[in-house]
Amino acid sequence: MTAVYGKELSAYFKNLQGYICLTVYYLLGGQFFLMQLRYVGTNDISGIFGNMYMVAALTLPLLTMRLFAEERRQHTDQALFTAPVSLWEIVWGKYLAAFTLYLSGVSVCVVYFALISAYSVPLWNLFIGNFLGIVLLGAAFVSIGLFVSALTDSQVLAAVGTLGCMVFLMMLDGIGGVLPFALAFLEKPLLALSFSGRYADLYGRNCESAACAVFRERGAGVPVFDGSGA
């Protein structure tokens with residue numbers, strides 16, 4: 001698995017893909033931090049994480065689109081699958097490479113929290129809840145992107161498909177609220193699957209909602225297993 005992981009992680013930096021994604025995280029994160037200092041003026045950084053949530057949704061399709069689609073396009077997938085590594089190691093190696101790059105991007109929020117805490121009382125529960133939420137959200141989105149990438153040999157289709165899945169999961173709150181009466185029984189299941197609602201619950205309750213964390217961990221794992229059989 002370490003060989004696949006190292007290969008995939010280095011591939012991000014052999015072109016501009018990895019640098020561009022990290023630049024987006026750091027530039028936009030810095031802008032959100034400046035807005036926090038200028039317009040909010042408190043040590044509550046929930047707004048920064050709320051904005052990073054949208055950044056993650058827009059950038060993660062770019063991180064995951066090539067994972068399997070590029071292998072199929074270049075016809076190197078058969079060589080990969082016949083290599084002396086198991087299918088699980090291939091899947092987890094690719095998954096962890098994309099997740100590592102994502103984690104490197106959102107970890108800049110730790111710097112912002114440290115800077116604010118140096119001049120105020122640190123809100124540890126609030127920070128942990130927000131950071132856990134954004135990390136587990138990314139873990140779930142990366143697994144979805146990996147699964148979609150395994151279905152096509154086109155990076156564009158993989159990116160668009162992943163973005164479509166993410167938008168759908170983020171809109172489940174709204175969909176559940178406008179269902180006709182005949183389908184009202186679907187409202188609660190849709191709300192239970194909503195990523196936006198669970199993410200808001202997690203940071204809104206200062207990391208006191210264990211159910212939200214379990215939901216995110218389960219969401220992070222299931223599509224990876226499905227993708228391994230693609």
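**Exercises on an all-helix chain**

Tyr19 is partly exposed, with a relative accessible area of 43% (buried is under 20%, exposed over 50%, partly exposed in between, with a 1.4 Å probe and protein chains only). Keep in mind that this is a predicted model, where local features need pLDDT of at least 70, side-chain atom pairs count only at pLDDT 80 or more, and totals for chains, interfaces and linings use all residues. Residues are numbered from 1 along each chain as its sequence is written, and side-chain values use heavy atoms, leaving out hydrogens and water.

**Exercise 1.** Place Tyr19 and find its surface patch.

*Solution.* Start with the helix: Tyr19 sits in helix 2, residues 17-40 (helices are DSSP runs of H or I, at least four residues, and strands are E runs of at least two, numbered from the N terminus). Next, the patch: Tyr19 joins Phe13, Leu16 and Ile20 in a nonpolar surface patch of about 400 Å².

**Exercise 2.** Work out how helix 3 lies against helix 8.

*Solution.* First, take the axes (lines fitted to C-alpha atoms over the stretch in contact, with angles from 0 to 180 degrees between N-to-C directions). Those of helix 3 and helix 8 (residues 124-149) come within 9 Å and cross at roughly 15 degrees. So helix 3 is roughly parallel to helix 8 (angles under 35 degrees count as roughly parallel).

**Exercise 3.** Find Gly50 and its separation from Asn130.

*Solution.* Gly50 belongs to helix 3, residues 46-64. Then check exposure: Gly50 is partly exposed, at 25% relative accessible area. Finally, the C-alpha atoms of Gly50 and Asn130 are 8.5 Å apart, with their positions 80 residues apart along the chain.

Notes. Patch = residues over 30% accessible without salt bridge, like charges linked within 9 Å, V, L, I, M, F, W, Y side chains within 5 Å. Areas by Shrake-Rupley, 256 points an atom, 1.4 Å probe, with all protein chains shown as cover. Salt bridge = Lys/Arg side-chain N within 4 Å of Asp/Glu carboxyl O. Parallel < 35°, antiparallel > 145°, perpendicular 65-115°, else oblique.
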